[in-house]
Amino acid sequence: MADQTAKRPITVPVMADLAAREESPEILFWVGCAGAFDDRYKRVTRAFVRILDHVGVKYAVLGLEESCTGDPAKRAGNEFLFQMQAMQNITTLNGYGIKKIVTACPHCFNTIKNEYPALGGEYEVIHHSTYLQQLINDGKVGVAGGESFKGRRITFHDSCYLGRANNIYEAPREVLAALDADLVEMKRSRANGLCCGAGGAQMWKEPEPGRKDINVERAEEALATLSGSGEALEGLLAVENDRPAPGRHDLNGSIIAVACPFCMTMMHDGVKNKEQEHAVQVFDLAELIASAEGINA
């Protein structure tokens, strides 16, 4: 992406400071563990914060008061730890009277939206792909003035916890459509998409012995889709559609778009395994929109 590092610094509002001034945010941005600690996904956090600042929405983060949602613990079978972590967060959120939460992590999104209500945490929870779609539709983000993606080939990898778990397929695609890029679909997409291999707490363990790691299989499909390699796509497993392969295309400058920190890591590692990281980059939706708007950092 173009060098856009010379940007003014942004002070991110912290919920405790707003509460001390008896103010309330329109949305609470739930950063998530990856967005706070993973060096690669911190760039997504910064991009999304710059978008929020750019459109003038009043937002805040919990800062040091934010804890893991408990999703990994629950998927690994530790229900006791999950409930401890969830109750700690719910107590904090309810104490501040939070009503609306936006997060860039589908795992956080799914857990807070679908599993916190049973423990007393009732909130409107929005994934950042849907929120970005709303900003574009409302004309608050014009995807102009920055890097141009016109004609560049992009394929989108569906996150399991965004797609199959919560039926969100159109929002990320509408966000990408606003870039006026050459958007091509993988054969295994939407409800028939292939997991990146990190869901269900698999992120935290080594893969079991098998023919091939899942993220490598998925990266091969993404690369074949971007390059228009029909021969490679014909050999895919579990393909349930007859979508023809895209036309032949040079891989250089192509992009795999994701909307999940786990997918980001797995797809990047898969591309690196195929030694194509010099040609194909993996970006989150927020990074692409911030770059197109000329506000990325």
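**Note on a predicted model: two asparagines, helix α3 and the α7/α8 pair**

1. In this predicted model, N166 is placed in the loop that runs between β5 (153-156) and α8 (170-177). Although it belongs to a loop, N166 counts as buried because its relative accessibility is 14%, and the cut-off for that class is under 20%.

2. The surroundings of N166 may be described through its contacts. Residues up to four places away in sequence being set aside, N166 touches F109, N110, K113, N114 and Y161. Y161 also takes part through its backbone: its oxygen is reached by the side chain of N166 at 2.6 Å.

3. A second asparagine, N89, is located in helix α5 (residues 79-95). Its relative accessible area is 0%, so N89 is buried. Apart from neighbours within four places in sequence, the residues in contact with N89 are W30, E65, E66, S67, C68, T69 and Y116. With Y116 there is a polar contact, side chain to side chain, at 3.2 Å.

4. For longer-range orientation, N89 may be paired with F149. These residues lie 60 positions apart along the chain, and 39 Å separates their C-alpha atoms.

5. Does the length of helix α3 agree with the span expected from its residue count, and why? Helix α3 covers residues 39-55, which is 17 residues; at 1.5 Å a residue these should span 24 Å. The C-alpha atoms at its ends are 25 Å apart, which agrees with that expectation.

6. Both ends of α3 merit comment. At the N-terminal end, D38 acts as a cap, with a side-chain oxygen 3.2 Å from the backbone nitrogen of R40. After the helix comes G56, which has a positive phi, near 80°.

7. R40, whose backbone nitrogen faces the D38 cap, is also one of the buried residues of α3. The others in that set are Y41, V44, T45, A47, F48, V49, R50, I51 and L52.

8. The last point concerns the packing of two helices. The axes of α7 (residues 128-137) and α8 approach within 8 Å, crossing at roughly 45°. Angles of 65 to 115 degrees count as roughly perpendicular and those under 35 as roughly parallel; α7 and α8 are therefore oblique to each other. The crossing of α7 past α8 is left-handed. On the α7 side, the contact is formed by S129, T130, L132, Q133, I136 and N137, and on the α8 side by A171, P172, E174 and V175.

Conventions: Residues are numbered from 1 along each chain as its sequence is written. This is a predicted model: local features need pLDDT of at least 70, side-chain atom pairs count only at pLDDT 80 or more; totals for chains, interfaces and linings use all residues. Side-chain values use heavy atoms; hydrogens and water are left out. Helices (H or I, at least four residues) and strands (E, at least two) are DSSP runs, numbered from the N terminus. Buried means under 20% relative accessible area, exposed over 50%, partly exposed in between (1.4 Å probe, protein chains only). A polar contact is a pair of N or O atoms within 3.5 Å; within protein, one must be able to donate a hydrogen and the other to accept it, and residues adjacent in sequence count only if both atoms are side-chain atoms. Contact means heavy atoms within 4.5 Å. The expected span of a helix is 1.5 Å times one less than its number of residues. Axes are lines fitted to C-alpha atoms, for helices over the stretch in contact, and angles run from 0 to 180 degrees between N-to-C directions. Angles under 35 degrees count as roughly parallel, over 145 as roughly antiparallel, 65 to 115 as roughly perpendicular and the rest as oblique. A crossing is left-handed if the near helix is turned anticlockwise from the far one by less than a right angle, and right-handed if clockwise.
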